[in-house]
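Hi,

Here is the structure I promised to pass on. Have a look first, and my notes on what turned up follow below.

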Amino acid sequence: MSGIIGRKLGMTQIFDESGAVVPVTVIEAGPCPVVQVRTDEKDGYAAVQLGFGAKKATRATSAEKGHATKAGLEAAPAVLKEFRFDAAPALGESVTVDGFERGLRVKVTGVTKGRGFQGVMKRHGFGGGRASHGATRVHRAPGSIGAGTNPSRVIKGKRMPGHMGDAQQTVRNLLVAKVDAERNLLYVRGAVPGPVNGYVFVTRQ
């Protein structure tokens, strides 16, 4: 199995065999039903579309409900994601955390927390202006942003204030510290992007 969809529950700590404290992120991963199977003959590539969670009937479109019905599901999944599989499961089967084992290296993709509109000090780590000696209202200002008479414009990519966060991010080379198959939980060493209850995609490396 190459991947699974999950929900970030938060961070905690566990102890390894030597008694050392290990910080981990707890992810509720699966069970994920197989909603669609892609084949080389029909789609040009081989993959499996997994679902996770369930949408309210009033919030799902007719197309989403019909797509879920073909897979034998009662409700449309809240999240859909395609993964490549060596041995693809059949339509309607469920993928669980049983495909992961302790010590496995994975990458986790999620959407970072939204920070709204932020200045250059918080967004880019600028040092800010002077705090004394005649400095007036420049303590958190970005400073000069232009390039002079030539080229008389702000260069593209200039680090400026703006929208921060709420972007997809992937953290690679994370270690699976523990697998709880009974409760569908993955304990991943370290932090993963996104808020509590945010959806994440866990993929083998």
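**The hairpin of S10 and S11**

In S11, Leu 185 has Asp 180 standing opposite. Please keep in mind that this is a predicted model.

Asp 180 is a good place to start, as it also has a salt bridge: its side chain meets that of Arg 183, with 2.8 Å from N to O. Are the two partners buried or exposed? Asp 180 counts as buried because its relative accessibility is 14%, and the cut-off for buried is under 20%. Arg 183 is exposed, with a relative accessible area of 51%, and the cut-off there is over 50%.

Strand S10 covers residues 168-180 and pairs with S11 in the antiparallel sense, over four bridges. Four residues lie between the two strands of this hairpin, and Asn 184 takes a positive phi near 60 degrees.

S11 itself, residues 185-189, is mostly covered, with four of its five residues buried. Strand S2 (residues 21-29) pairs with S11 as well, again in the antiparallel sense, and here there are five bridges. If you want a spot to click on, Thr 25 stands opposite Val 188 in S11.

**An open sheet of four strands**

Next, the sheet that contains S3. Its four strands come in the order S5-S4-S3-S6, the sheet is open, and the pairing is antiparallel. Which strands are at the edges? They are S5 (79-83) and S6 (94-95), each of which pairs on one side only.

S3 takes in residues 32-38 and is joined to S6 by two bridges, the two strands running antiparallel. Cys 32 stands opposite Val 95 in S6. As you look along these strands, it helps to remember that side chains in a regular strand alternate between the two faces of the sheet.

**Salt bridges**

How many salt bridges does a search of the whole structure find? There are seven. One of them joins the side chains of Arg 38 and Glu 82, at 2.7 Å from N to O. This pair links distant parts of the chain, since Arg 38 sits in strand S3 and Glu 82 in strand S5, 44 residues apart. Arg 38 counts as partly exposed at 21% relative accessibility, and Glu 82 is partly exposed too, with a relative accessible area of 28%. A network of salt bridges links Arg 38 and Glu 82 with Asp 43.

Another salt bridge is formed by Lys 55 and Glu 64, whose closest N and O atoms are 2.9 Å apart. Lys 55 counts as partly exposed at 27% relative accessibility, as does Glu 64 at 29%.

**The largest pocket**

Finally, the largest pocket holds about 160 Å³ of space. Arg 38 and Asp 43 appear here again, as part of a lining that also includes Val 35, Gln 36, Val 37, Lys 42, His 67, Lys 70 and Leu 91.

Which element gives the most to this lining? S3 does, with four residues. At least two residues each come from S3, helix H1 (40-43) and helix H2 (62-70). By type, the lining residues divide into four charged, three nonpolar and two polar.

If you open just one view, I would suggest Arg 38: it lines the largest pocket and its side chain meets that of Glu 82 in a salt bridge.

Best wishes

Terms used:
Residues numbered from 1 in each chain as written. Predicted model: local features only at pLDDT ≥ 70, side-chain atom pairs only at ≥ 80, totals over all residues. Heavy atoms only, no water. Buried < 20%, exposed > 50% of the residue type's maximum accessible area, 1.4 Å probe, protein only. Pairing = 2+ DSSP bridges. 1 Å grid on protein atoms, 1.4 Å probe; cavity = no way out; pocket = protein on both sides within 12 Å on 5 of 7 lines; lining within 4 Å. Points joined across faces, edges and corners; volume = space filled by probe spheres on them. Nonpolar A, V, L, I, M, F, W, Y, C, P; charged D, E, K, R; others polar. Salt bridge = Lys/Arg side-chain N within 4 Å of Asp/Glu carboxyl O.
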